[in-house]
Amino acid sequence: MSLFRLDASIRSEGSVSRAIADIVETSWREHAPDVEITRRSVGLDPIPSTSWALSAFAQRADPATFSLEQKAAVDLATALTDELLSADAYLFAVPLYNFGVSEHFKTWVDMIISDPRTGTQPIKGRPAVLVVVRGGAYGAGTPREGWDHSTGWIRRILEDVWGLELRVVETEFTLVGVNPALDEFKAMAAQMRVDSERVAAEHGRHLAATSTN
Ligand SMILES: Cc1cc2nc3c(=O)[nH]c(=O)nc-3n(C[C@H](O)[C@H](O)[C@H](O)COP(=O)(O)O)c2cc1C
């Protein structure tokens with residue numbers, strides 16, 4: 001069995017999204033030991049954002065007319081899509097940045113969609129886990145309710161456009177302990193972390209069960 005794991009955090013040290021995704025991965029491994037994992041860290045090893053427009057237009061053109069840049073972009077989109085198509089299950093870890101989608105994750109999605117093979121939902125029905133982390137808190141009744149403009153879009157792509165069987169684990173208040181202005185929320189943040197770690201382990205078990213059946 002194979003797992004494709006994508007991390008979008010722009011840091012390695014102290015990354016909460018990586019830590020939560022590690023729990024999903026470890027739980028998956030415990031229940032499916034013979035697993036191959038393909039990793040792509042788009043936050044630390046970004047895909048050039050200029051490659052998307054090149055690939056999107058080149059895909060509709062005659063390959064014989066490709067410039068070197070167009071060929072490189074199409075080859076990259078093909079390689080990224082090969083990685084996606086060859087996995088049995090998926091783990092995506094994507095932080096909230098500037099109230100929106102990580103540009104690195106967005107470029108990766110754009111590149112995948114530029115590959116014509118993805119137009120017919122080739123990975124429909126495969127299991128996936130999305131790990132979302134946010135520095136603040138955006139729940140119902142909070143001052144910034146509705147300000148997370150990332151998670152809804154990611155879910156739209158993964159669930160509706162690609163047809164994945166998606167489970168989501170969300171962790172909020174990751175900036176508590178970092179930003180002193182949030183110190184009053186320490187107990188709440190600690191409980192949120194405990195809860196999301198439990199959910200992450202459950203999702204890992206589910207991923208193993210549904211991708212190995
Ligand atoms: C440049 C930058 C912008 C951020 N923007 C937001 C934001 O708009 N809202 C929010 O809740 N947290 C924001 N954060 C906080 C991150 O979501 C939070 O630190 C998260 O834990 C980062 O993921 P990581 O721990 O996996 O690196 C931002 C962090 C950085 C570095």
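In this predicted model, the side chain of Thr81 reaches the backbone oxygen of Ala77 at 2.7 Å. Thr81 itself sits in helix α3. With a relative accessibility of 0%, Thr81 counts as buried, since the cut-off for that label is under 20%. Setting aside residues up to four places away in sequence, Thr81 touches Met111, Ile112, Asp115, Arg117 and Thr118. Two of these names, Met111 and Ile112, turn up again among the buried residues of α4, so that helix is a natural place to go next.

Helix α4 covers residues 103–114, 12 residues in all. At 1.5 Å a residue, α4 should span 16 Å, and its end C-alpha atoms are indeed 16 Å apart, so expectation and model agree. As for its surroundings, 9 of the 12 residues of α4 are buried, which means that the helix is largely enclosed by the rest of the structure. The buried set is made up of His104, Phe105, Thr107, Trp108, Val109, Asp110, Met111, Ile112 and Ser114.

What does the packing around those buried residues consist of? On the strand side of the list are β1 (2–7), β2 (36–41) and β3 (89–95). The helices that the buried residues of α4 pack against are α2 (50–58), α3 (68–85) and α5 (151–161). Helix α3 in that list is the one that carries Thr81.

Helix α2 has its own buried residues, namely Ser51, Ser55, Ala56 and Ala58. The cover over these residues of α2 includes α3 and α4. Seen from the other direction, α2 and α3 are both among the elements that the buried residues of α4 pack against.

That leaves the ligand. There are 18 residues around the ligand, and the ones that come nearest are Ser9, Ser15, Ser17, Tyr138 and Thr174. Sorted by class, this shell has 8 nonpolar, 8 polar and 2 charged residues. Several side chains put polar atoms opposite ligand oxygens. For Ser9, a polar side-chain atom lies 2.7 Å from an oxygen atom of the ligand. Arg11 has an N or O atom in its side chain that is likewise 2.7 Å from a ligand oxygen atom. In the case of Tyr138, the distance from a side-chain N or O atom to an oxygen atom of the ligand is 2.6 Å. Taken alone, the ligand exposes 630 Å², and the protein buries 79% of that area.

Notes
Residues numbered from 1 in each chain as written. Predicted model: local features only at pLDDT ≥ 70, side-chain atom pairs only at ≥ 80, totals over all residues. Heavy atoms only, no water. Near = heavy atom within 4 Å. Polar contact = N/O pair within 3.5 Å; in protein donor to acceptor, adjacent residues only side chain to side chain. Areas by Shrake-Rupley, 256 points an atom, 1.4 Å probe, with all protein chains shown as cover. Nonpolar A, V, L, I, M, F, W, Y, C, P; charged D, E, K, R; others polar. Helix = DSSP H or I, 4+ residues; strand = E, 2+ residues; numbered from the N terminus. Expected span 1.5 Å × (residues − 1). Buried < 20%, exposed > 50% of the residue type's maximum accessible area, 1.4 Å probe, protein only. Contact = heavy atoms within 4.5 Å.
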